[in-house]
Amino acid sequence: MAHLEERASAPEPGIADRTELDFPAIPGLAEGTPLTNPFEQVMAHLVSLMRSGVLPYGTRLPSERDLSEHFEVSRVTLRAVIRTLQQSGYLKTVRGRSGGSTVIWQADVDPAEVPAPRLSPAMKERLLDSLTFRSILEPGAAELAASRPLTESQCETLKQHLASVHAAGMNARIPDAELHGYIGELSGCRALAESIENMQLLLNEQLMKVLPEIGPAMDHSNEQHERVVAAILNGDPVTARQVMHDHVEATRELIVGFLQ
Ligand SMILES: [Zn+2]
């Protein structure tokens, strides 16, 4: 316990201050390639660096400005990532001139305090398999929904679901699942709608049970929600499919980052 307190009060000597410029880049990404899902990719990368011990407890991260330049993302995006990592117990941020973000996530503390996921390989595989299935189902559902004439009340309900996701802010997991489920319904294909509903249940219940800290990050994609709903309302199946594809892929990247 004395050991833990000591660790909690100050970074251990010898832990690198990662404020210099050797900060790891996102793997497999050629220099100058723009990120397709900046929020999710930077978030997943930082989480995997912390979980794999490259950025251990007590490490001080570079400034927001340096990180946003390093990853070539906007300050707004970078700040949203940092805020989400604070809320999920990975970082502690102190404002001011000598401030900055410090890693506070530890793999080996009391599991009751930090919800460190203990995922079996079989469960990991099942989750990844479900995400693959989702990436087949949901773009198709959005495309079909945009191809069909919708009644006025269906359009209204769709807009209401979108508004609920917005209104829920950082706790949009359930309204998000309902929006996705409703798009499944609008596809007009019952088997598709049922499969999407089951997929959303699995994501909500099982995934959130083992990876609760993912919640706030997964609800980030309001812009994609808006674009997919607009495409469905405008009867634009090509855009609806594309945007839903990007949205589902963004979520997958995020979850893969947490599973590492
Ligand atoms: Zn969504």
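Reader: What makes the way α2 passes α4 a right-handed crossing?

Author: In this predicted model, α2 passes α4 in a right-handed crossing. The word applies when the near helix is turned clockwise from the far one by less than a right angle.

Reader: And at what angle do the axes of α2 and α4 cross?

Author: Roughly 45°, with the axes coming within 9 Å. That makes α2 oblique to α4, because angles under 35 degrees would be roughly parallel and 65 to 115 roughly perpendicular.

Reader: How do you know which residues of α2 and α4 meet?

Author: Contact here takes C-beta atoms within 7 Å. On the α2 side you get P38, F39, V42, M43 and L46, and on the α4 side T77, L78, A80, V81, T84 and L85. Sorted by class, the contact of α2 with α4 has 9 nonpolar, 2 polar and no charged residues.

Reader: A80 sits in α4; why is A80 called buried, exposed or partly exposed?

Author: Partly exposed: A80 has 19 C-beta neighbours inside 10 Å. The call goes that way because buried takes 20 or more, while exposed takes 12 or fewer. As for a partner, the C-alpha atoms of A80 and F39 are 7.6 Å apart, although 41 residues separate the two along the chain.

Reader: What belongs to the largest nonpolar core, and which residues have the most contacts inside it?

Author: That core has 28 residues, and the ones with the most contacts inside it are V42, M43, L46, V47, M50, V81 and Y90. At least two residues each come from α2 (38-51), α3, α4, α5 (121-147) and α11 (237-259). The biggest giver is α2, with 8 residues. As a general backdrop, nonpolar side chains in soluble globular proteins tend to be buried together.

Reader: Now α3 and α4: how do you know whether they count as perpendicular or oblique?

Author: The axes of α3 (residues 64-71) and α4 (residues 75-87) come within 9 Å and cross at roughly 115°. That makes α3 roughly perpendicular to α4, because the perpendicular range runs from 65 to 115. The handedness of the crossing, α3 past α4, is right-handed.

Reader: Which residues meet between α3 and α4, and what classes do they fall in?

Author: E64, L67 and S68 in α3 meet R75, L78, R79 and I82 in α4. By class, the contact of α3 with α4 has 3 nonpolar, 1 polar and 3 charged residues.

Reader: What is odd about the backbone of E72, and where does E72 lie?

Author: E72 is not a glycine, yet its phi is positive, about 55°. The residue lies in the loop between α3 and α4. E72 has 15 other C-beta atoms within 10 Å, so it is partly exposed.

Reader: What makes α6 and α7 parallel or antiparallel?

Author: The angle. The axes of α6 (residues 152-167) and α7 come within 8 Å and cross at roughly 160°. They are therefore roughly antiparallel to each other, because that label covers angles over 145. Their crossing is left-handed.

Reader: Which residues meet across α6 and α7?

Author: From α6, they are Q154, T157, L158, H161, L162, S164 and V165; from α7, they are P175, D176, E178, L179, Y182 and L186. By class, that contact of α6 with α7 has 7 nonpolar, 4 polar and 2 charged residues.

Reader: D176 is in helix α7 (residues 173-186); how do you know whether D176 is buried or exposed?

Author: Count its neighbours: 24 C-beta atoms inside 10 Å, so D176 counts as buried. The C-alpha atoms of D176 and H225, 49 residues apart along the chain, are separated by 8.9 Å.

Reader: R173 lies in α7 too; what makes R173 buried or exposed?

Author: R173 has 20 other C-beta atoms within 10 Å, so R173 is buried; that works because the cut-off is 20 or more. Its C-alpha atom is 7.3 Å from that of N204, 31 residues away along the chain.

Reader: Zooming out, what does the whole chain come to in helices and strands?

Author: There are 11 helices and 2 strands, and along the sequence they follow α-α-α-α-β-β-α-α-α-α-α-α-α. Of the 260 residues, 35% count as buried. Taking contacts between residues at least 6 apart in sequence, 72% join residues at least 24 apart.

Note on methods
Residues numbered from 1 in each chain as written. Predicted model: local features only at pLDDT ≥ 70, side-chain atom pairs only at ≥ 80, totals over all residues. Axes fitted to C-alpha atoms, helices over the stretch in contact; angles between N-to-C directions. Helix = DSSP H or I, 4+ residues; strand = E, 2+ residues; numbered from the N terminus. Contact = placed C-beta atoms within 7 Å. Nonpolar A, V, L, I, M, F, W, Y, C, P; charged D, E, K, R; others polar. Core = buried A, V, L, I, M, F, W, Y, C linked by C-beta atoms within 7 Å.
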